[in-house]
Each structure stands twice: as C-alpha cells, then as structure tokens.
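Got your viewer open and a selection box ready? Let's walk through this one stop by stop.

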Amino acid sequence: MTKSLDILIIGGGIAGCCAAIALSDQGHRVKIVEKQTEWRFQSSGIFVYANGLVSLDALGLMDDIVAAGFAVPHGRNTYFDHHGAPIVETRYPTPDQDRIPAILGIKRAEMHRVMAARVSALDVPLSLGTTVERIEQDASGVDVTFSDETQGRFDLVVGADGVRSKTRAQIGVELSPRYTGFGVWRSVHTRPADLTDKIMMMGPAKRFGIMPISDDKLYTFGTMAEPAGAFYPPETWPTEMQARFAEFAGPARAFLEELGPETELLYTAVEEVVMPLPWHAGRVLLIGDAAHASTPFMGQGGAMAMQDAVVLAQALGRFDELGAALTAFGKVRYPVCEFVQNVSRAVGESGAEEIDGDLEPRNARMRETAQSAVDGFYTKLDALNAAGDAQLRSAG
Ligand SMILES: Cc1cc2nc3c(=O)[nH]c(=O)nc-3n(C[C@H](O)[C@H](O)[C@H](O)COP(=O)(O)OP(=O)(O)OC[C@H]3O[C@@H](n4cnc5c(N)ncnc54)[C@H](O)[C@@H]3O)c2cc1C
C-alpha cells in the first residue's frame, strides 16, 4: 500500500498492541480504543514459544520481553507422572542458530507493560474506557461511533477485542465462543532457584504444569474437565484448586500446599472461536482471539495474535487495494491458526482421558513419541509459515 491509512484498532490486548506497533512502524496512523478504564491484565503467567518470539523480534519487542521473563535453558520440558516419577524430557527448537529462545515464561502483566510502553513511545493515541457503538461503512471508509458519542472515519478498522468480540457481531458474524469443557487453574509462586525447566505432570485425566516466569517467580497451571457454566467464587479458588489436584505429588506438592488467600490465583473456563474465512467484511478485519481463539494446551494463542500483527502489516505493504490485502491476510493466517487450534484441541482431549490403574503403557508411549510430537508440530508450523511468506512475497 503506497498510501498511509487511518486505522482504528478495537481492543488493546496482545493482538491490538502488536498490530498498533506493526502498523505504526509501517507509517499508518493508528488509534486504539480499549474498553478497560485501567489498562491492565490479570497477572498469571503466559508461555511464548519460539515462533511467537520470532514475531516479537520482528516488532522490535523481543529483547525487552525476554529480559522481563524467563527463557527456559535449552528449551527443556520435563514430564513426570502425578506421583512425581520422571517420564521423559523433550527439547523445543531454538531458531536462528539459538538466537531465539525456545520457550519464554512471563507474567502476562509484564508482557503488557513492555507492549504498552512501545505503543506509547510510538505516540499511538489510546482511549481507555471506550468501546465502539456503531460501525457503518461505504466503499471509501468506515464511520465509527464511539461509546463516548464521538465519531471518526477510518480507512480500516481492526477488531482485536478478544474471544467475546463485539466487533465480530457488528460485522454480522453470528458466532458465539464454544465452551471446550476444560477449566484452567493458575497460581503464581516464588521460584526455587534450581527450578528452571518447564515441568508437565501427567495425571489421570488431569495435567499440572510448572513454568518459571522471572528470576524469582513461577506459575503453575492445572487443567481438567469442568462442567459448562460452572462458577467458583474467587475466595474458594485456593481450596478448589487444592482439592482438584490433591493426588499430585513430586514437584507440584509444595506449590499446592502453599495455596491460600494471599496466592495470586486465577480460574478460567476455556472457550474457542472457530471461524471460517473471510475474517473481514469490507474494511473491518478481525484478528487474534476475535477470529481464532484457541484452547491453551499448546500455549500458542498469544503467539498467533502476535503473528497476525506482523502478517497484517506485510499484507498491507504488498497490495495497493485494501480488500486484496485483507483477503491475502486471511488466506495466509487461516491454515496456521487452524493447525494450532486442531493440535491444541487434540492435546487437551488426550490429556483428559481417564486411565485406570497402570500408567506405564501411557508413559512408555510418551517416551517413544513426545519428542517427535514436538518436532512434528514445529516442522509443520515452519512449513505453513514458509508457504504463507511465499504467498505474500509473490503477491501484490
Ligand atoms: C487459560 C489460558 C491460558 C493461556 N495461555 C497462553 C499461553 O501460555 N501462551 C499463549 O500464547 N497464549 C495463551 N493463551 C491465549 C492468549 O491469552 C490469547 O490468545 C491472547 O490473549 C489473545 O490476544 P487478543 O489480543 O486477541 O485478545 P485479549 O488478550 O483478550 O485482548 C482483547 C482486548 O480487547 C479489549 N476489549 C474487549 N472488548 C472490547 C470492546 N468492545 N471495545 C474495546 N476493547 C475491548 C479487552 O479489554 C482486551 O484488552 C491462554 C488462554 C487461556 C484462556
């Protein structure tokens, strides 16, 4: 696109911040509206695997984000059963001759701090406590009425407003997020200095993970089936989490025992958004969870949102016609997001299988297949990304 565009981004989460950075870097005039009156995020941990870090590198954010988190040495992931007996160790890839770490753990709030600082350094206007009431478009632009009754006209509107996206409904897509049947219990703790691996403990129909997120903190995450519509008052979360994962010993035990009213703890019911293309209607595009929220079992939803931002900026750079750029964006991103969603869903479902009695057959299978599953996932992801790159390079 030779012309610089006026772009409205709705939602200042991972997708919105990264898109604001990528698009301003390309010379577009960007504005963000964010519905929170105080711009902050619930503070448990998040994983960023190497593919997400590659996108953060392209956005110029990787070094600051790595400095604010904890890069797992050699991308080591150690599996235990729920009694604490070791099963197998896997390694995640470290691209660009090990320059890009394999797995970073970071507090979600710390990642936001770095992203928000860059958004502010780029002088991107941000309206907090603001949403969009009405979107009307014609061939040459989009008229937006904000919740504060002001109005604006934009060349492009990017809906980055998450899993329950209102923008999605405003462009006529009737799609509610699907409850996946899983809940995730997350808690933040002081990190013992010698706990530096990503740890996954495989219970019967439950998993419990431990992940360093800084020099002195780690977070734990327990996943299991939860009934649809279940509500647990926050004050009950410590005892609910303890009860659910009571059979976990080994490295989990001390952290489970530590849970109490002072613990930073979060329960989340997991939803998915599986939306066919197109992800845009006219000049309004959906990105991030608004278009393709995934289950968290591959730790990839944030990485997909980061990559959306990078690819959107590339697509706008390749095409002179906006519709062609948005169509190309969808074609490049859909296969990658669909692959991640499918693998993540399958991983969640296999982790929820009941195992009666002897865990050894499952453990033996993991010893044989765990590393090849990691390698297979990243090889396929690389191939899909390479195909997308080639598509964009040959276009426009
Ligand atoms: C339990 C769990 C664990 C996860 N763990 C990981 C992980 O380890 N690694 C990983 O990469 N991903 C993980 N994810 C996924 C990741 O959190 C999401 O994919 C990511 O946050 C998507 O970013 P987003 O910007 O699209 O949406 P969000 O982060 O949800 O941001 C949306 C933003 O839009 C704002 N907003 C909403 N509605 C409006 C409106 N109408 N107007 C204006 N603003 C609005 C919201 O306030 C918010 O700021 C996990 C998800 C879950 C549920």
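Which residue takes a positive phi in the hairpin of strand 10 and strand 11? Select the four residues between those strands and you'll find glutamate 149, with a phi near 75 degrees. Keep in mind as you click around that this is a predicted model.

Now widen the selection to the hairpin's two arms. Strand 10 covers residues 141-146 and strand 11 covers residues 151-154; they pair in the antiparallel sense over four bridges. Put labels on aspartate 143 and arginine 153, since these two stand opposite each other.

**The six-stranded sheet**

Next, colour an open sheet of six strands, ordered 8-2-1-12-19-18 with mixed pairing. Its edges are strand 8 (126-128) and strand 18 (280-281), each pairing on one side only. Zoom in on strand 18: two bridges tie it to strand 19 (residues 284-286) in the antiparallel sense. Here alanine 281 has valine 284 of strand 19 opposite it.

**The seven-stranded sheet**

Then pick out another open sheet, this one of seven strands in the order 6-5-14-15-16-13-17, again with mixed pairing. Strand 6 (86-91) and strand 17 (264-272) are the edges; each has a single partner strand, so one side of each lacks a neighbour in the sheet. On average, neighbouring strands here are turned by 20 degrees against each other, ignoring direction.

Inside this sheet, select strand 15 (residues 206-212) and strand 16 (residues 217-225): they run antiparallel, joined by seven bridges. Proline 212 has leucine 218 in strand 16 as its bridge partner. Add helix 7 (residues 250-258) to the view. Helix 7 lies across strand 5 (76-81), strand 13 (178-190), strand 14 (198-202), strand 15 and strand 16, and runs at about 85 degrees to strand 15.

**Into the core**

Time to hide the surface. In soluble globular proteins, nonpolar side chains tend to be buried together. The largest nonpolar core in this model has 115 residues, and Cys18, Ala19 and Ile287 touch the most other members. Helix 9 (residues 301-318) gives this core its largest share, 10 residues.

Show the neighbours of isoleucine 287: leaving out residues up to four places away in sequence, they are Ala15, Ala19, Val158, Ala160, Ala305, Asp308 and Leu312.

**Helices 9, 10 and 11**

Add helix 10 (residues 322-351) to helix 9. Their axes come within 9 Å and cross at roughly 155 degrees, which makes the two helices roughly antiparallel. On the helix 9 side, the contact residues include Met304, Asp308 and Leu312, and on the helix 10 side they include Ala325, Phe329 and Val340. The crossing is right-handed.

Now bring in helix 11 (360-393). The axes of helix 10 and helix 11 come within 9 Å, crossing at roughly 175 degrees, and these helices are therefore roughly antiparallel too. Among the residues of helix 10 in this contact are Ala328, Val332 and Phe339, while helix 11 contributes Phe377, Leu381 and Leu384, among others.

**Last stop: helix 2**

Is helix 2 (residues 50-58) mostly covered or mostly uncovered? Mostly covered: eight of its nine residues are buried, including Asn51, Gly52, Ser55 and Asp57. To see what covers the buried residues, show strand 3 (45-49), helix 3 (62-68), strand 7 (103-107), helix 9 and helix 11, which are among the elements doing so. Just after helix 2, click on glycine 60, where phi is positive at about 75 degrees.

Definitions and conventions: Residues are numbered from 1 along each chain as its sequence is written. This is a predicted model: local features need pLDDT of at least 70, side-chain atom pairs count only at pLDDT 80 or more; totals for chains, interfaces and linings use all residues. Two strands pair if DSSP finds at least two bridges between them. A nonpolar core is a set of buried Ala, Val, Leu, Ile, Met, Phe, Trp, Tyr and Cys residues joined through C-beta atoms within 7 Å. A residue is buried if 20 or more other C-beta atoms lie within 10 Å of its own, exposed if 12 or fewer, and partly exposed in between; C-beta atoms are placed from the backbone. Two residues are in contact if their C-beta atoms, placed from the backbone, lie within 7 Å. Axes are lines fitted to C-alpha atoms, for helices over the stretch in contact, and angles run from 0 to 180 degrees between N-to-C directions. Angles under 35 degrees count as roughly parallel, over 145 as roughly antiparallel, 65 to 115 as roughly perpendicular and the rest as oblique. A crossing is left-handed if the near helix is turned anticlockwise from the far one by less than a right angle, and right-handed if clockwise.
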